[in-house]
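User: Take one part of this model and look at it closely: how the helices pack. Then follow the contacts outward from there.

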Amino acid sequence: MTLTNFLNLPSCSLDAADVLILPWPLEKTVSYGTGTQTGPAAILAASPQIEPFEEETLVDFTKRPKIHTLDPIAVDNSMSDGQLPEHLAKAARHIAQYRGRFLLTLGGEHLITYGIVDGLFDDPVGVTIVQIDAHADLADTLGGRRWSHGTVMRRLWERGCGFVQIGIRSVTRPEYELTQSGPRIETYFAHQLDLRWAELMHRLQTLTGRVYLTIDVDGLDPSIIPSTGTPQPNGLSWRQTMEVIRAVASAPCEWIGADVVEFVASPHPPGCDLTAARLVMKVIALREATAQRAATDD
Ligand SMILES: [Mn+2]
């Protein structure tokens, strides 16, 4: 299947691109609603409805950044659980060739974040993962599985990544205890966001080192993007989500890439695909605005 180029921009060669969009329609370990394999194509198909000019940043996508939409990662969603680690490792080897550009991956279930981080960094020790999510995804196993959308951050934590988790509102007791005592894990629960917002903004604006942003669309309030496998009430507002992305974009860090995961294509309610595409567009625009300001300052 031929996918739509993001925003229907004329295709730019891989070599000339500043930003790469990578569809990865993995749907293997979903636990409730299904359909994450439909997410990437639906987001791309909706994206031409968005104006290629961004009114906040004044980024004009017809000029910069140069975006190349990659072919999807090949997935056989009927693979066995035992084949998952090799699927992730193979994807990571593929992704390694894209280092040096800003990689924005469209999921697919959240497990893909493991393969992306594994591919982008030889050694992920010390990489900070900023995670917008309803779920901590810190379980050691979920339903007997070590490799799952519910264990993905645990596996990355074991690799030495650090976490700033935002909007969490569904955890097991062992996961909760890990958020309270585990090194390199800072969790801003949804019920704390109003009280801790200034602290969170300061934390994000002062990020240093290598940073990766992962956005599980269930981290946003389900009134914004209800079309996801495991929705939870009391999520981030659109405005809060933008503030998080803006803060990351403004930080004196090396922002390597981002993903938008767990989106499920659905006609009901209409328009979720457009909202998800707009979210992707804002991530790219806010990052690009910072890059353009830095280039002007030089
Ligand atoms: Mn998640």
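Analyst:
**Helix packing and what surrounds it**

Helices α1 and α8 lie roughly perpendicular to each other in this predicted model. Their axes cross at roughly 85° and come within 8 Å. That angle sits in the 65 to 115 degree range that counts as roughly perpendicular. α1 spans residues 39-46. It meets α8 through Ala42, Ile43 and Ala46. On the α8 side the contact uses Asp273, Leu274, Ala276, Ala277 and Val280.

Further along α8 comes Thr290. Thr290 is partly exposed, because its relative accessible area is 24%. Leaving out residues up to four places away in sequence, Thr290 touches Ala249 and Ser250. Thr290 also brings a remote stretch of chain into view: Thr57 is 233 residues away in sequence, yet the two C-alpha atoms are 9.0 Å apart.

Asp297 also belongs to α8. This residue is exposed, as its relative accessible area of 67% shows. Leu220 is 77 residues from Asp297 in sequence, and 34 Å separates the two C-alpha atoms.

What lies under these surfaces? The largest nonpolar core has 56 residues. Val130, Ile166, Leu200, Leu204, Val244 and Trp255 touch the most other members. Helix α8 (residues 272-297) gives the most to this core, with 11 residues. A second core, of 39 residues, lies apart from it and includes Ala17, Val127, Ile185 and Ile256. Nonpolar side chains in soluble globular proteins tend to be buried together.

Trp255 deserves its own look. Sequence neighbours up to four places away aside, Trp255 touches Phe102, Val211, Leu213, Ile245, Val248, Ala249, Val283 and Arg287.

A second helix pair shows another geometry. Helices α6 (residues 193-205) and α7 (residues 238-250) have axes that come within 8 Å. They cross at roughly 25°. That makes the two helices roughly parallel, because angles under 35 degrees count as such. From α6, the contact takes Leu193, Asp194, Trp197, Leu200, Met201, Leu204 and Gln205. From α7, it takes Gln240, Glu243, Val244, Ala247, Val248 and Ser250. Leu200, Leu204 and Val244 were met above, among the core residues that touch the most other members.

Helix α5 (residues 173-181) buries Glu175, Leu178 and Thr179. These buried residues fall within an arc of 100° seen down the axis, so they line one face of the helix. They pack against α4 (152-158), β5 (162-168) and β6 (185-189). On the other side, Arg173, Pro174, Gln180 and Ser181 are exposed.

Helix α3 is mostly covered, with eight of its nine residues buried. The buried set is Ile112, Thr113, Tyr114, Gly115, Ile116, Val117, Gly119 and Leu120. One of these, Thr113, is in contact with Thr214.

Thr214 sits in strand β7. Thr214 counts as buried because its relative accessible area is 0%. Beyond its neighbours within four places in sequence, its contacts are His110, Thr113, Ile129, Val130, Gln131, Ile132, Met153 and Asp259. His110 leads on to the metal.

Which residues hold the manganese ion? The protein donors are His110 (ND1), Asp133 (OD), Asp137 (OD) and Asp216 (OD), at 2.2 Å from the ion. Along the chain they follow the spacing H-x22-D-x3-D-x78-D. His110 and Asp216 link distant parts of the chain, 106 residues apart. His110 lies in the loop between β3 (102-107) and α3 (112-120), whereas Asp216 lies in strand β7 (residues 210-216). Both ends are covered: His110 is buried, given a relative accessible area of 0%, and Asp216 is buried at 2%.

The loop between β7 and α7 holds Thr230. Thr230 and Asp218 are 12 residues apart along the chain, with 6.9 Å between their C-alpha atoms. Excluding residues up to four places away in sequence, Thr230 touches Ser31, Tyr32, His135 and Asp218.

Back to the starting point: α1 and α8 cross at roughly 85°, whereas α6 and α7 cross at roughly 25°.

Technical notes: Residues are numbered from 1 along each chain as its sequence is written. This is a predicted model: local features need pLDDT of at least 70, side-chain atom pairs count only at pLDDT 80 or more; totals for chains, interfaces and linings use all residues. Side-chain values use heavy atoms; hydrogens and water are left out. Donors are N, O and S atoms within 2.8 Å of the metal (3.2 Å for Na, K and Ca); water is not among the atoms, so sites may look incomplete. Helices (H or I, at least four residues) and strands (E, at least two) are DSSP runs, numbered from the N terminus. Buried means under 20% relative accessible area, exposed over 50%, partly exposed in between (1.4 Å probe, protein chains only). The arc is that of the directions from the helix axis to the C-beta atoms. Contact means heavy atoms within 4.5 Å. A nonpolar core is a set of buried Ala, Val, Leu, Ile, Met, Phe, Trp, Tyr and Cys residues joined through side-chain atoms within 4.5 Å. Axes are lines fitted to C-alpha atoms, for helices over the stretch in contact, and angles run from 0 to 180 degrees between N-to-C directions. Angles under 35 degrees count as roughly parallel, over 145 as roughly antiparallel, 65 to 115 as roughly perpendicular and the rest as oblique.
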